[in-house]
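Work through the exercises below with the structure open beside you, and try each task before you read its solution.

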Amino acid sequence: MQSTLARWLDTPRVAMLPSPAAQPAPKLSFEFFPPKSEKLEADLWACIRRLAPLGPRFVSVTYGAGGSTRARTHDTVARLARETSLTPAAHLTCVGGTREEVDEVARAYWQAGVRHIVALRGDPPAGSARYEPHPGGYAQAEDMVRGLRRVGDFDISVGAYPEGHPVALSAEADLDFLKRKIDAGATRAITQYCFDTDTILRFLDRCHAAGIRAPIVPGIMPIANFTSLSRFSAMCGASVPAWLARMFEGLENDPETHQLVAATVAAEQVRVLRANGVDEFHLYTLNRPELSLAVARILGVRPQQEGKGA
């Protein structure tokens with residue numbers, strides 16, 4: 001099967017966007033985070049029920065810094081595997097644990113029927129200024145990918161950073177880290193969100209030049225709250241373009257218009273990437289279904305039962 005990256009490379013760049021009706025619907029996947037309370041758990045499962053009919057390729061559940069949400073992540077992923085027809089993907093990091101402890105978590109996922117893991121190095125625990133490998137642990141995501149391959153025949157996704165990882169020594173060193181993760185056995189990379197579409201396309205060019213042939217799936221962040229997004233982006237090294245700030249300026253107390261703008265921005269980014277040959281995307285839902293549903297609708301993705309009845 002031809003990879004997303006290969007299809008993109010074979011597609012000429014275009015200036016005009018085709019209408020959604022002129023293209024088949026893109027492939028989508030969704031990311032959720034584990035709930036911290038009964039109320040948030042109810043909200044999460046309401047979100048999952050709203051998005052499940054869209055038939056995502058998989059749904060991932062995040063993992064807190066230093067493994068702080070390990071139990072909640074496992075419970076959520078195991079329930080997805082047990083009670084739904086969705087394909088769950090569990091985030092797993094190597095921060096704060098030995099190789100044996102990480103392997104034990106992976107084996108527990110395998111026993112729960114989970115076959116897809118998103119393998120990430122992870123952020124330092126709260127209070128730590130910098131990442132330090134755990135004594136006896138996996139030093140980097142590359143090492144964890146090799147370890148997961150020894151545990152089971154997992155489908156393994158890894159992270160990629162179009163703007164560079166915040167602590168990368170250089171863009172070249174960061175790309176080398178990505179290639180090593182793929183060469184270690186990862187089957188795809190999911191990118192950090194990036195609002196500059198040209199940056200994503202240049203990143204795909206650089207991946208190809210480096211010999212990376214695995215699919216690179218752009219992460220798309222529909223902006224539920226621009227103020228919160230700006231704060232989070234400053235922490236994770238994602239830039240917020242001035243043009244984007246201007247689009248949301250003055251909408252702090254106008255949630256309806258804010259949502260319309262957010263859905264349009266995300267859908268147009270996907271349409272530009274699709275016009276340049278990319279056909280698979282990972283949407284960060286923040287456990288809120290409305291924006292992801294709106295983006296999917298704009299892109300022509302319909303609930304499966306609706307499509308069958310059409």
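Two strands count as paired if DSSP finds at least two bridges between them. Keep in mind throughout that this is a predicted model.

**Exercise 1. Find out how many bridges join strand S3 to strand S4, and in which sense the two strands run.**

Step 1. Strand S3 and strand S4 (residues 116-120) are joined by 5 bridges, and they run parallel. With a cut-off of at least two bridges, such strands count as paired.

Step 2. One contact can be picked out in detail, since Leu92 has Ala119 in S4 as its bridge partner.

Step 3. Strand S2 (residues 59-61) is also joined to S3, here by 3 bridges and again with the strands running parallel, and the bridge partner of Val61 in S3 is Ala90.

Step 4. Following the chain, S3, helix H4 (residues 99-111) and S4 make up a β-α-β unit that is right-handed.

**Exercise 2. Decide which residues of S3 lie on one side and which on the other, and whether they are buried or exposed.**

Step 1. In a regular strand, side chains alternate between the two faces of the sheet.

Step 2. In S3, Pro88, Ala90 and Leu92 are on one side, while Ala89, His91 and Thr93 are on the other, and all of them are buried.

Step 3. Strand S3 (residues 88-93) is therefore mostly covered, with 6 of its 6 residues buried, where buried means under 20% relative accessible area.

**Exercise 3. Work out which strands stand at the edges of the sheet.**

Step 1. The sheet is open, has 9 strands with parallel pairing, and follows the order S7-S6-S5-S4-S3-S2-S1-S9-S8.

Step 2. Strand S7 (216-217) and strand S8 (219-220) stand at the edges and each have a single partner strand, so one side of each lacks a neighbour in the sheet.

**Exercise 4. Classify the ring pairs that Tyr193 forms with Phe195 and with Phe232.**

Step 1. A pair of aromatic rings is described by the distance of the centres and the angle of the planes.

Step 2. The centres of the Tyr193 and Phe195 rings are 5.4 Å apart and their planes stand at 55 degrees, so this pair is tilted.

Step 3. Tyr193 and Phe232 are 6.4 Å apart centre to centre with 25 degrees between the planes, which makes a stacked pair.

Step 4. At 2% relative accessibility Tyr193 counts as buried, whereas Phe232, at 41%, counts as partly exposed.

Technical notes. Residues are numbered from 1 along each chain as its sequence is written. This is a predicted model: local features need pLDDT of at least 70, side-chain atom pairs count only at pLDDT 80 or more; totals for chains, interfaces and linings use all residues. Side-chain values use heavy atoms; hydrogens and water are left out. Rings of Phe, Tyr and Trp (its six-membered ring) pair if their centres lie within 6.5 Å; planes under 30 degrees apart count as stacked, over 60 as edge-to-face and the rest as tilted. Buried means under 20% relative accessible area, exposed over 50%, partly exposed in between (1.4 Å probe, protein chains only). Helices (H or I, at least four residues) and strands (E, at least two) are DSSP runs, numbered from the N terminus. A crossover is right-handed if, with the strands pointing away from the viewer, the path from the first strand over the helix to the second runs clockwise.
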